[in-house]
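Hi,

Here is the structure I promised to pass on. Have a scroll through it first, then read my notes below.

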Amino acid sequence: MIEPSDSGDSPNRSRQSPYRVRLPGFVVEEDIGLGDVIKRATSYVGLKPCESCVRRAAALNRRVVFTGGAR
């Protein structure tokens with residue numbers, strides 16, 4: 001049976017390192033989080049981020065990071 005997970009960030013939860021996706025050729029400078037990628041794409045088409053969008057982007061940045069080279 002699958003137990004429901006606590007979706008909130010409680011201070012006593014252990015922090016996991018973000019899942020790293022290596023994209024050589026696409027990410028050449030520093031690491032970039034998934035939330036920042038989505039924020040840049042939506043800003044490019046003219047959408048301005050609201051407060052919940054900023055929080056969501058920060059949460060996505062903690063979960064997935066794109067890297068350019070081998071580390």
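**What I found**

Let's start with one residue: Tyr44 lies in helix H1. Keep in mind that this is a predicted model. Is Tyr44 buried or exposed? Tyr44 has a relative accessible area of 74%, and the cut-off for exposed is over 50%, so Tyr44 counts as exposed. Tyr44 also has company: together with Val45 and Leu47 it forms a nonpolar patch on the surface. The accessible area of these three residues adds up to about 400 Å².

Now zoom out to the whole chain. You'll find two helices and three strands, and going along the sequence they come in the order β-β-α-α-β. Of the 71 residues in the chain, 14% are buried.

Next, the salt bridges. Side chains of opposite charge can pair when their charged atoms come close. How many salt bridges are there? The count is two.

One of them joins Arg20 and Asp31, with 2.9 Å between the closest N and O atoms. Arg20 sits in strand S1 (residues 19–22), while Asp31 is in the loop between S1 and strand S2 (32–33), so this pair ties together parts that are eleven residues apart in sequence. Both partners are partly exposed: the relative accessible area is 44% for Arg20 and 23% for Asp31.

The other pairs Lys39 with Asp36, at 3.9 Å from N to O. Here both residues belong to helix H1 and are three residues apart, about one turn of the helix. Lys39 is partly exposed at 33% relative accessibility, and Asp36 is partly exposed too, at 26%.

Lys39 turns up again in the last thing I want to show you, because it is among the residues that line the second largest pocket. That pocket holds about 180 Å³ of space. Which helices supply at least two residues each to its lining? Both helix H1 (34–44) and helix H2 (51–63) do, and H2 gives the largest share, with five residues. If you'd like to click on some lining residues, try Gly35, Ile38 and Thr42, or Cys53, Val54, Arg56, Ala57 and Leu60, which are all among them. Leu47, which you met in the nonpolar patch, is another of the lining residues. By class, the lining has seven nonpolar, two polar and three charged residues.

Have fun exploring!

Cheers

Terms used: Residues numbered from 1 in each chain as written. Predicted model: local features only at pLDDT ≥ 70, side-chain atom pairs only at ≥ 80, totals over all residues. Heavy atoms only, no water. 1 Å grid on protein atoms, 1.4 Å probe; cavity = no way out; pocket = protein on both sides within 12 Å on 5 of 7 lines; lining within 4 Å. Points joined across faces, edges and corners; volume = space filled by probe spheres on them. Helix = DSSP H or I, 4+ residues; strand = E, 2+ residues; numbered from the N terminus. Nonpolar A, V, L, I, M, F, W, Y, C, P; charged D, E, K, R; others polar. Patch = residues over 30% accessible without salt bridge, like charges linked within 9 Å, V, L, I, M, F, W, Y side chains within 5 Å. Areas by Shrake-Rupley, 256 points an atom, 1.4 Å probe, with all protein chains shown as cover. Salt bridge = Lys/Arg side-chain N within 4 Å of Asp/Glu carboxyl O. Buried < 20%, exposed > 50% of the residue type's maximum accessible area, 1.4 Å probe, protein only.
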